[in-house]
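Visitor: I would like to take a close look at one part of this protein, the sheet and what surrounds it. Could you guide me through it step by step?

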Amino acid sequence: LLKKKNAKQEVTADDFFKSKIRKKHRINIAMIFGVTSNTKDDVLNQIPINNKYFDINEFPININDSNEMLLFLDDMRIIKTDVIAFVRGGGEGIGTFEDIELAERALDAPPMIFSAIGHSNDSTLFDLIADKSFDTPTALGVYLKEISDNGSTFTFKTAVNIAVYISAGIALGLLAAKFMF
C-alpha cells in the first residue's frame, strides 16, 4: 500500500493548496464525520467564518462501518471535490481505519485524502496512506486556518515582491539609458 501511495502522490497537499490559492481558486473539501459526532466542530471552530479559500461540505455517515465508508468513497467519484477529509475522535471504533480494503479504495480515490483520526497517540493504516495526516481533528482545523492566514499573506507578499522587482527594473533601465545617451 505504501508503494502505491508513493507512486500516486505527485504533489504535496501544501503545494496543492498554495497553487489553488495563488490562482484564486476555492478548495472543495468533503468532510466526513460520524453521524452523532461533534468532531466536525473541532475542525470548523478553528477556521474563520468568512474564510475565502475553502468550500467545506459536510457528510455525516456511520464512520465505524467499513461498508458504508466504501460506498461513500464510490459515491465521491462522481462528486467534484479536491480533498476528502476523514474526521473522527479517538476511542473505541477507530479499528475501521485499519481496514485494508478501505485503505486501498482511498488510495484509488482521485481527490486527496486527509486523515484527522483519533488522539495524538493513535495511529492507523489510514493515517499512513493518507495524502496528509493530522494527529487530531483540531489539528486539521488549525492547518486549514494557517493555510487561510498564510494564503492572504502570501498573495500580498507576492504582490509587493512584484512591485519591487518592477520598480527596480525601471530604475535600472533609466540608469542604463542615462549612460547610453
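Guide: Let us begin at one end of the sheet, where A116 stands opposite F134 in strand 5; please keep in mind throughout that this is a predicted model. The two strands concerned are strand 4, residues 112–117, and strand 5, which run parallel and are joined by three bridges.

From there we can widen the view to the sheet as a whole, which is open, has five strands in the order 2-1-3-4-5, and is paired in parallel fashion. Its edges are formed by strand 2 and by strand 5, residues 132–134, each of which pairs on one side only. As you pass from one strand to the next, the twist averages 20°. Against this sheet packs helix 2, residues 13–22, which touches strand 1, strand 2, strand 3, strand 4 and strand 5, and whose direction makes about 115° with that of strand 4.

Now move to the other edge, where strand 1, residues 27–34, runs parallel to strand 2, residues 54–61, and eight bridges join the two. If you want one pair to find by eye, take I27, whose bridge partner in strand 2 is F54. The connection between these strands deserves a moment as well, for strand 1, helix 3 (residues 39–44) and strand 2 together make a right-handed β-α-β unit.

Beside that pair of strands you can look for a link between side chains, since those of D55 and R26 meet in a salt bridge, with 2.8 Å from N to O. D55 lies in strand 2, whereas R26 lies in the loop between helix 2 and strand 1, so this pair ties together parts that are 29 residues apart in sequence. Both residues count as partly exposed, D55 because its relative accessibility is 28% and R26 because its relative accessibility is 33%.

A second salt bridge is worth setting beside this one: the side chains of D82 and K80 meet at 3.9 Å, N to O. Here the partners are unlike in their surroundings, for D82 is buried, with a relative accessible area of 8%, while K80, at 64% relative accessibility, counts as exposed.

Finally, turn to helix 5, residues 100–108, which holds L102. With a relative accessible area of 0%, L102 is buried, and among the residues that L102 touches, leaving aside those up to four places away in sequence, are M69, L70 and F126. L102 and F126 are 24 residues apart in sequence, yet their C-alpha atoms are 8.1 Å apart in space.

How values were computed. Residues numbered from 1 in each chain as written. Predicted model: local features only at pLDDT ≥ 70, side-chain atom pairs only at ≥ 80, totals over all residues. Heavy atoms only, no water. Pairing = 2+ DSSP bridges. Helix = DSSP H or I, 4+ residues; strand = E, 2+ residues; numbered from the N terminus. Right-handed = clockwise from strand over helix to strand, strands pointing away. Axes fitted to C-alpha atoms, helices over the stretch in contact; angles between N-to-C directions. Contact = heavy atoms within 4.5 Å. Buried < 20%, exposed > 50% of the residue type's maximum accessible area, 1.4 Å probe, protein only. Salt bridge = Lys/Arg side-chain N within 4 Å of Asp/Glu carboxyl O.
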